[in-house]
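Trainee: I have a chain to go through and some questions about it. Can we take them one at a time?
Mentor: Go ahead.

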Amino acid sequence: MTSLRVFIAGSGRQSIAAANDLLKFQPGSSITFSDTSPGQVERAAARLRELSPEAAVECHVGDVENAPATAVAMEGHDVALAGVPYHLNPAVHAAARRCEIPSVDMGSDLPDLEAELGVRSSEQGTVAVFD
């Protein structure tokens with residue numbers, strides 16, 4: 001099974017649960033949590049290491065609303081997961097597009113996201129999955 005480098009924007013309970021599931025079903029994958037709070041991102045990494053002791057976990061402190069900086073942090077990852085408040089999902093998807101990697105969120109208002117991000121096309125080579 002191929003391992004993945006997964007960038008998770010947000011480091012709350014849903015993000016930790018998603019990361020744990022990813023590691024369970026995609027062994028050998030690595031997780032990067034990104035959050036504005038250094039303490040929260042470190043707690044998320046520590047909790048994931050408790051749940052999955054073999055986990056490769058990195059922490060990034062940053063603001064997803066700064067799409068260019070978030071894209072720099074996403075470089076080298078295979079997929080991005082938005083585990084942030086809904087209004088921040090477009091920024092995560094935009095940063096993932098800059099990196100040309102697929103992205104998924106945990107719930108969005110699809111018309112709002114499509115309006116924000118524009119029409120998706122296969123020519124872009126990336127996919128955004130809106131829950």
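Trainee: Which residues of helix α3 (residues 67–74) are buried?
Mentor: Keep in mind that this is a predicted model. Buried means under 20% relative accessible area. In α3 that label goes to Ala67, Thr70, Ala71, Ala73 and Met74.

Trainee: Why do the buried residues of α3 lie on the same side?
Mentor: An α-helix has 3.6 residues a turn, so residues three or four places apart point the same way. The buried residues of α3 are on the same side because they cover an arc around the axis of only 160°.

Trainee: What covers the buried residues of α3?
Mentor: Contact here means heavy atoms within 4.5 Å. The cover includes three strands and a helix: β1 (5–9), β3 (56–61), β4 (79–82) and α4 (89–99).

Trainee: Which residue caps the N-terminal end of α3?
Mentor: Look for a side-chain oxygen by the backbone nitrogen of alanine 69. The two atoms lie 3.2 Å apart. The oxygen belongs to asparagine 66.

Trainee: And just after α3, what phi does glycine 76 take?
Mentor: Its sign is positive. For glycine 76, phi is about 85°.

Trainee: In what pattern do helices and strands follow each other along the sequence?
Mentor: The chain has five helices and six strands. Read along the sequence, the pattern is β-α-β-α-β-α-β-α-β-α-β.

Trainee: What share of the contacts with a separation of 6 or more comes from residues 24 or more positions apart?
Mentor: Burial first: of the 131 residues of the chain, 44% count as buried. As for those contacts, residues 24 or more positions apart account for 61%.

Trainee: How many salt bridges are there?
Mentor: Side chains of opposite charge can pair when their charged atoms come close. The cut-off is 4 Å, from a side-chain nitrogen of Lys or Arg to a carboxyl oxygen of Asp or Glu. By that rule the count is two.

Trainee: Which salt bridge links distant parts of the chain?
Mentor: Its partners sit in strand β3 and strand β1, 53 residues apart. The N to O distance is 3.6 Å. Both side chains are partly exposed, glutamate 58 at 43% relative accessibility and arginine 5 at 28%. The pair is glutamate 58 and arginine 5.

Trainee: Which residue forms a salt bridge with glutamate 50?
Mentor: The partner lies with glutamate 50 in helix α2 (residues 38–51), three residues apart, about one turn of the helix. The closest N and O atoms are 2.9 Å apart. Glutamate 50 is exposed at 57%, while its partner is partly exposed at 39%. That partner is arginine 47.

Trainee: Is cysteine 99 buried or exposed?
Mentor: A search of the whole structure finds zero disulfides. Cysteine 59 is partly exposed, with a relative accessible area of 31%. Cysteine 99 has 13% relative accessibility, and the cut-off is 20%, so cysteine 99 counts as buried.

Trainee: Leaving aside neighbours within four places in sequence, which residues are in contact with leucine 22?
Mentor: Leucine 22 lies in helix α1 (residues 13–25). Leucine 22 is partly exposed, at 26% relative accessible area. With those neighbours left aside, its contacts are Val6, Pro27 and Ile31.

Trainee: How far apart in space are leucine 22 and serine 3?
Mentor: In sequence the two are 19 residues apart. C-alpha to C-alpha, the distance is 9.9 Å.

Conventions: Residues numbered from 1 in each chain as written. Predicted model: local features only at pLDDT ≥ 70, side-chain atom pairs only at ≥ 80, totals over all residues. Heavy atoms only, no water. Helix = DSSP H or I, 4+ residues; strand = E, 2+ residues; numbered from the N terminus. Buried < 20%, exposed > 50% of the residue type's maximum accessible area, 1.4 Å probe, protein only. Arc of directions from axis to C-beta. Polar contact = N/O pair within 3.5 Å; in protein donor to acceptor, adjacent residues only side chain to side chain. Disulfide = S-S within 2.5 Å.
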